[in-house]
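Biologist: Hi, could you walk me through this one? I'd like to start with how a couple of helices pack.

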2 protein chains.
Amino acid sequence: MELLPRDQIAFQRMLDTIRRNYERFGFLPVETPVFELSEVLLTKSGGETERQVYFAQSTGALQKENQGLPELALRFDLTVPLARYVAEHEHELAFPFRRYQIQRVYRGERAQRGRFREFYQCDIDVVGKDTLSIRFDAEILAVIHAVFSELGIGDFTVQLNNRKLMRGFFEGLGVAEGSRQMDVLREVDKLDKRGADDVRETLTGAGFGLSQDTVQKILDFVAVRSSSHADALARLDALGQGSDTFNQGVGELREVLQLVHALGVPESDYRLNFSIARGLDYYTGTVYETMLDGYRQIGSICSGGRYDDLASHYTKSKLPGVGISIGLTRLFWQLREAGLVAGVDESSVQAMVALMEDNQLTESLDIARRLRAGGINTEVQMEPKKLGKQFQYASRAGIRFVVLAGEDELARGVVTVKDLAREQQFEVTREQLASTLRVELEQTRALAGR
Amino acid sequence: MELLPRDQIAFQRMLDTIRRNYERFGFLPVETPVFELSEVLLTKSGGETERQVYFAQSTGALQKENQGLPELALRFDLTVPLARYVAEHEHELAFPFRRYQIQRVYRGERAQRGRFREFYQCDIDVVGKDTLSIRFDAEILAVIHAVFSELGIGDFTVQLNNRKLMRGFFEGLGVAEGSRQMDVLREVDKLDKRGADDVRETLTGAGFGLSQDTVQKILDFVAVRSSSHADALARLDALGQGSDTFNQGVGELREVLQLVHALGVPESDYRLNFSIARGLDYYTGTVYETMLDGYRQIGSICSGGRYDDLASHYTKSKLPGVGISIGLTRLFWQLREAGLVAGVDESSVQAMVALMEDNQLTESLDIARRLRAGGINTEVQMEPKKLGKQFQYASRAGIRFVVLAGEDELARGVVTVKDLAREQQFEVTREQLASTLRVELEQTRALAGR
């Protein structure tokens, strides 16, 4: 995806909003090199990932005899680099280690609409040493809420589940083995597409061999969606007691719900959803997905969960963690397709100093200098053009203020400002220009709730 | 270069400062994919570059028979991608096109101290269609000045020269050919290391065959450094008349100097330096280098200049431009080596809510919620620890404010704030907490001139 400046500005604003909220919650920045050693990158992954990896070779290496895999590969996610980073710098980091990482990742996908070989991931993780309190699982949900509230791309709901609860539930039904649970869940996932009868038939058929009663219990279970905070707690109570794993899952969900409430997340913005599973082999406790209420077809726009051990391949220390990821490139593309990208009509350039006569350039540059010193992003017209053309340019570029200083204004020590957003104009002294525009911009921001 | 969070925060602040100043001058963001087609990337470059390029291949492509160069390569600078971008989107862009691009680039260098295979470049360019006013050359210098003033890494001087002036000067001496001029300049560049006598000997020797008189004129010319704005203009006057090219160069330098003055750049921060050449084959007018006055051994920390045609390989349109580049990864590394990186002792996390008793967690989370809503980056201690340990953690992490709410404070509706930077503490109501800290932080910023 390559964007024209107007879209790039909108994209950059979303990136900035995500980063600002990550920092607001005390997460620290990490950037890792795009290259990892191929052997490190592929340690953790099966054949599927290997097919999608890009390898990098300098010309020198290319010319040598083929000696198996190249030494360097491009990261395909930010989780493996995090594991390598934490293992490598373990003794220099304070735990729990709270990091955010916003970088591009690379996958050798066939280029197609909405699939990208290079895309941004925006990740946060809290990584503990030996143990990590369940309390962080609640904080992560509060971060998701803060990010998507401020992004302003519409109502959303964070869907919450717990792998221990699911595992306990399935074991209680005699579906004990992990991969078999995943197979069942994959069938259940087709409910919307194929309908309950069809799924029921598959699960009671030869391949799965589950009883009608068991299948009904599964379908009832995965249908659970809470409608409020109190309802969520009531639904956990209604589950009753089960195995240790089951009870632990219920307890964790209950604590997360209570703390999320204490963190001030409105109860309309999260819910229990017992059909959320994510990857069974990786997540071990809390799992999250986030849906845009008006665009559920987009799928989850922010997902993640709790894992038992981040870096078992790279260190003997046990490093449990909880984290989420936002795939911003794909999300931006989807939002733009749906017409939901906000603010593309506003440039990062806030003011333009027009130029009418060549001999007024020095004055223009002085006005621009004052605007910039006052924190206003300002462009100067360097060569005189017809005023109509200058306004047209500013309007097309999404520049809000056009500043004019003709002979008359210069004589009176003022400038004329045209506010293209409000379609009004006013005069102001050169000294008060920057602060006046700053107030106008802040008012607009406050009105927009940004 | 991979950084621990403390250094990453300092690095990120420098990146943000550069970006903020680029935007302040009305430059628009552009990001391009890391991959370019190999044939595009290598069009412009000779064998030297080709040796340094990284090629990318997915596993599928690796397994195929070797069929020459891989299709994709990683960008080695931001200039070739800019040329390709402008040529590709020519009809959708407004000219003069002012873009900034801050991304990583890749070179297959042998890894060694201070040399990086992956590093940030922070570029701005103004690209015109058919023509581009010399006035932009002055604005670019004002941007360099704004960036390095705000970075606060010490006094600096932008060195200014003009390729037309140099070409005219050498042609006047009978050193007409471009590559021969470059050879002479390369010898002159060794003045500091080898001394004037040694260089004189080489230039009058068999290889060059210049007369004593010619060599003296060259040495006098490249020794020119202006000491003030008036001195710079006087030195241009003193050059007298020469060829058209020579006179044009003098005229351009004069106009740039006058506008830089109008843009409010202090005269101590720029100077003429007739020894600055940059690449003779690429730049055609104004050239810039930027030196840290106290650390000239670092070399130029921001360079660039004017070129006649950006994208002749990709479009028939003539696209003259002017631009600069800051190689931030290397600069950061050098500053850190010299102990000049400012602000590493300050975390991006501004406040930490301490936790003394487990049952006070809900109150802690409420306090954190208020701080974050008030714009303060806040971390919460999720599990009670000894207060001494919590202070130690905050201090080591560079977190300035520790917020305490024990039973006594909770009863009175206040919190205690320890300001670790000023080594003082105060009480404040929960409602006024965020605004109070914001004022403190702004005061500190104002005092530091940031």
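Modeller: Sure. This is a predicted model, where local features need pLDDT of at least 70, side-chain atom pairs count only at pLDDT 80 or more, and totals for chains, interfaces and linings use all residues. Residues are numbered from 1 along each chain as its sequence is written, with chains lettered from A and ligands numbered from 1 in the order in which they are written. In chain A, the axes of helix H8 (residues 178-188) and helix H10 (residues 196-204) come within 9 Å and cross at roughly 160°. Axes are lines fitted to C-alpha atoms, for helices over the stretch in contact, with angles from 0 to 180 degrees between N-to-C directions. Helices (H or I, at least four residues) and strands (E, at least two) are DSSP runs, numbered from the N terminus.

Biologist: How do H8(A) and H10(A) run relative to each other, then?

Modeller: They are therefore roughly antiparallel, a label for angles over 145 degrees.

Biologist: Which residues make the contact?

Modeller: H8(A) supplies A:Val184, A:Glu187 and A:Val188, and H10(A) supplies A:Val199, A:Thr202 and A:Leu203. Contact here means C-beta atoms, placed from the backbone, within 7 Å.

Biologist: Switching topic: how are chain A and chain B related?

Modeller: A rotation of 180° with 0.0 Å of shift along its axis superposes chain A on chain B, RMSD 0.0 Å. The fit is by least squares on C-alpha atoms of residues with pLDDT of at least 70 in both copies. The two copies are thus related as by a two-fold rotation axis. In chain A, the C-alpha nearest that axis belongs to A:Ala56, 2.3 Å away.

Biologist: And how many residues does each chain put into the contact?

Modeller: Chain A gives 58 residues and chain B gives 58 residues. On the chain A side, the largest share, 6 residues, comes from helix H1 (residues 5-24) of chain A.

Biologist: Which strands pair across the two chains?

Modeller: Strand E3 (residues 54-58) of chain A pairs with strand E3 (residues 54-58) of chain B, antiparallel, over 5 bridges. Pairing requires at least two DSSP bridges between the strands. A:Phe55, for one, has B:Gln57 as its bridge partner.

Biologist: What about the sheet in chain B, what's the strand order?

Modeller: It is an open sheet of 8 strands, E1-E5-E6-E11-E10-E9-E7-E8, with mixed pairing. Strand E1 (28-29) and strand E8 (270-272) of chain B are the edges, each pairing on one side only. Helix H13 (residues 244-262) of chain B packs on the sheet, touching E7, E8 and E9 of chain B.

Technical notes. Angles under 35 degrees count as roughly parallel, over 145 as roughly antiparallel, 65 to 115 as roughly perpendicular and the rest as oblique. Two residues are in contact if their C-beta atoms, placed from the backbone, lie within 7 Å.
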